[in-house]
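Open the model in your viewer and show side chains as sticks. This tour follows charged pairs from stop to stop.

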Amino acid sequence: MKINFTRIHHVQLTIREGDEARARAFYGELLGLTEIEKPEPLKPRGGLWFEMGNIQLHLGVEAFQGESKRHPAFEVENLQAIREYLEAKGVRVKDEINIPAIERFSFFDPFGNRIELMEKQK
């Protein structure tokens with residue numbers, strides 16, 4: 001059977017229990033994402049959800065596991081301006097190994113989640 005994948009629906013990252021307000025400040029205010037309501041049956045688990053382009057970002061509650069190579073990567077426009085904005089706001093960024101025809105870097109949210117941003121070179 002060939003599975004017909006149509007798109008990524010959501011990416012899940014983790015925050016610590018009780019960190020929803022910090023997550024709202026970072027993802028909602030600093031990054032400008034729109035928070036969306038979680039379905040009622042999932043609300044007791046904590047965490048929160050945001051819209052990110054045409055996918056959702058789910059922040060689930062989990063005990064801290066430490067930094068990892070795990071990460072989502074998002075293609076963006078105006079990569080350098082985004083980097084300058086994040087650095088000006090004190091967000092930790094990390095240079096990534098060059099890939100032909102792609103500019104990229106990663107940044108870390110307040111919970112240690114690594115998020116890669118990339119832009120095709122013109």
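The stops below cover salt bridges and how exposed their partners are. The model is predicted. It holds ten salt bridges.

**Stop 1: Glu37 and Lys43.** Select both residues. They form a salt bridge, with the closest N and O atoms 2.5 Å apart. Now add the surface. Is Glu37 buried or exposed? Glu37 is exposed, at 61% relative accessible area. Lys43 is partly exposed, at 32%.

**Stop 2: helix α2.** Select residues 79-88, which make up helix α2. Pick out Glu87 and Arg83. Their side chains meet in a salt bridge, 3.2 Å from N to O. The two residues sit four apart in the helix, about one turn. Check the surface again. Glu87 is partly exposed, with a relative accessible area of 39%. Arg83 is buried, with 16%, because the cut-off for buried is under 20%.

**Stop 3: from helix to strand.** Keep Arg83 selected and add Asp95. Here is another salt bridge, between the side chains of Asp95 and Arg83, at 2.8 Å from N to O. Which elements does this pair tie together? Asp95 lies in strand β6, residues 93-95, and Arg83 in helix α2, so the contact links parts twelve residues apart in sequence. Asp95 is exposed, with a relative accessible area of 54%, whereas its partner Arg83 is buried.

**Stop 4: a network.** Select Lys94, Glu96, Arg104, Arg114 and Glu116. Salt bridges with shared partners join these residues into one network. Trace the links from side chain to side chain to finish the tour.

How values were computed
Residues are numbered from 1 along each chain as its sequence is written. This is a predicted model: local features need pLDDT of at least 70, side-chain atom pairs count only at pLDDT 80 or more; totals for chains, interfaces and linings use all residues. Side-chain values use heavy atoms; hydrogens and water are left out. A salt bridge is a side-chain nitrogen of Lys or Arg within 4 Å of a carboxyl oxygen of Asp or Glu. Buried means under 20% relative accessible area, exposed over 50%, partly exposed in between (1.4 Å probe, protein chains only).
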